[in-house]
Amino acid sequence: MHTVSVSLNSIDKVKHFVNDVNRFDQDFDLISGRYVIDAKSIMGIFSLDLSKPIDLNIHADGDDLQEILAVMKPYIIE
């Protein structure tokens with residue numbers, strides 16, 4: 001598992017993010033405070049406070065992880 005912080009501060013960004021994570025078979029979790037949401041659920045994402053960075057847990061490793069990180073690059077904040 002790999003964790004990164006992401007910013008999903010607009011409706012368009014959320015739509016594109018959900019489309020991007022649904023391209024992969026791996027599991028993705030978004031964690032905001034005590035809430036853990038399936039990152040493939042657009043309704044779940046809109047239940048979070050999107051004004052703050054959110055942790056994204058990516059359940060992948062190796063080459064799969066590198067491919068996912070490349071796709072997630074526009075959302076990741078350093």
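Let me start with Ser32. Leaving out residues up to four places away in sequence, Ser32 touches Leu48 and Ile54. Ser32 sits in strand E2, residues 27-32. Buried or exposed? Ser32 counts as buried, because its relative accessibility is 18% and the cut-off is under 20%. Now compare its position with Val18. The two are 14 residues apart along the chain, and their C-alpha atoms are separated by 17 Å.

One caution before I go on. This is a predicted model. Please keep that in mind throughout.

Now the whole chain. How many helices and strands are there? The protein chain has three helices and five strands. Their order along the sequence is β-α-β-β-α-β-α-β. So where does the size stand? The chain has 78 residues, and a compact globule of that length would have a radius of gyration near 12 Å. The protein chain has 11 Å, which agrees. Along the principal axes, the C-alpha trace spans about 30 × 25 × 25 Å.

Next, burial and surface. Of the 78 residues, 41% count as buried. The exposed area of the chain is about 4,800 Å². Carbon and sulfur atoms supply 48% of that area.

Contacts next. Take the pairs whose residues are at least 6 apart in sequence. Of those contacts, 65% join residues at least 24 apart.

Then charge. The chain carries 7 positive and 13 negative charges. How far apart are their mean positions? They are 9 Å apart.

Let me go through some individual residues, beginning with strand E1. This strand covers residues 2-6, and Val6 is in it. Val6 is buried, because its relative accessible area is 0% against a cut-off of under 20%. What does Val6 contact beyond its neighbours within four places in sequence? The list is Leu30, Pro53, Ile54, Leu56, Tyr75, Ile76 and Ile77. Please note Ile54 there: Val6 contacts Ile54, and Ser32 touches Ile54 as well. As for Val18, it is 12 residues from Val6 along the chain, with 13 Å between the C-alpha atoms.

On to helix H1, residues 11-21. Two residues here. Val14 is found in helix H1, and Asp20 is found in helix H1 too.

Val14 first. Its relative accessibility is 0%, so Val14 counts as buried. Setting aside residues up to four places away, Val14 touches Leu8, Ile42, Ile45, Phe46 and Leu50. Where is Tyr75 relative to Val14? In sequence, the two are 61 residues apart; in space, C-alpha to C-alpha, they are 9.5 Å apart.

Now Asp20. Asp20 is an acidic residue with a relative accessible area of 16%, and it is buried. Which residues does Asp20 contact, leaving aside its neighbours within four places in sequence? They are Val71, Met72 and Tyr75. Tyr75 has come up before: it is also on the contact list of Val6.

Helix H2 covers residues 42-46, and Ile45 has its place there. Ile45 counts as buried, at 0% relative accessibility. Beyond four places in sequence, Ile45 is in contact with Leu8, Val14, Phe17, Val18, Leu30, Ile37, Ala39 and Leu50. So we come back to Val14 from the other side: Val14 touches Ile45. Leu8 and Leu50 are on the list for Ile45, and Val14 touches Leu8 and Leu50 as well. Leu30 is a contact of Ile45, and Leu30 is also a contact of Val6. And Asn19? Ile45 and Asn19 are 26 residues apart in sequence and 13 Å apart C-alpha to C-alpha.

Last residue: Asn57, in strand E4, residues 54-59. Asn57 counts as buried, at 9% relative accessibility. What does the side chain of Asn57 make with the side chain of Thr3? A polar contact, at 2.6 Å. Setting aside neighbours within four places in sequence, Asn57 is in contact with Met1, His2, Thr3, Asp27, Phe28, Asp29 and Ile31.

To recap three points. The order of elements is β-α-β-β-α-β-α-β. Val14 and Ile45, both at 0% relative accessibility, count as buried. And Asn57 has a side-chain polar contact with Thr3. That's my part. Over to you.

Notes: Residues are numbered from 1 along each chain as its sequence is written. This is a predicted model: local features need pLDDT of at least 70, side-chain atom pairs count only at pLDDT 80 or more; totals for chains, interfaces and linings use all residues. Side-chain values use heavy atoms; hydrogens and water are left out. Helices (H or I, at least four residues) and strands (E, at least two) are DSSP runs, numbered from the N terminus. The radius of gyration is taken over C-alpha atoms; the globule rule is 2.2 Å times the number of residues to the power 0.38. Buried means under 20% relative accessible area, exposed over 50%, partly exposed in between (1.4 Å probe, protein chains only). Contact means heavy atoms within 4.5 Å. Accessible areas come from the Shrake-Rupley method with a 1.4 Å probe; for residues, only the protein chains shown count as cover. Lys and Arg count as positive and Asp and Glu as negative; His and the chain ends are not counted. The place of a charge is taken as NZ of Lys, CZ of Arg, CG of Asp or CD of Glu. A polar contact is a pair of N or O atoms within 3.5 Å; within protein, one must be able to donate a hydrogen and the other to accept it, and residues adjacent in sequence count only if both atoms are side-chain atoms.
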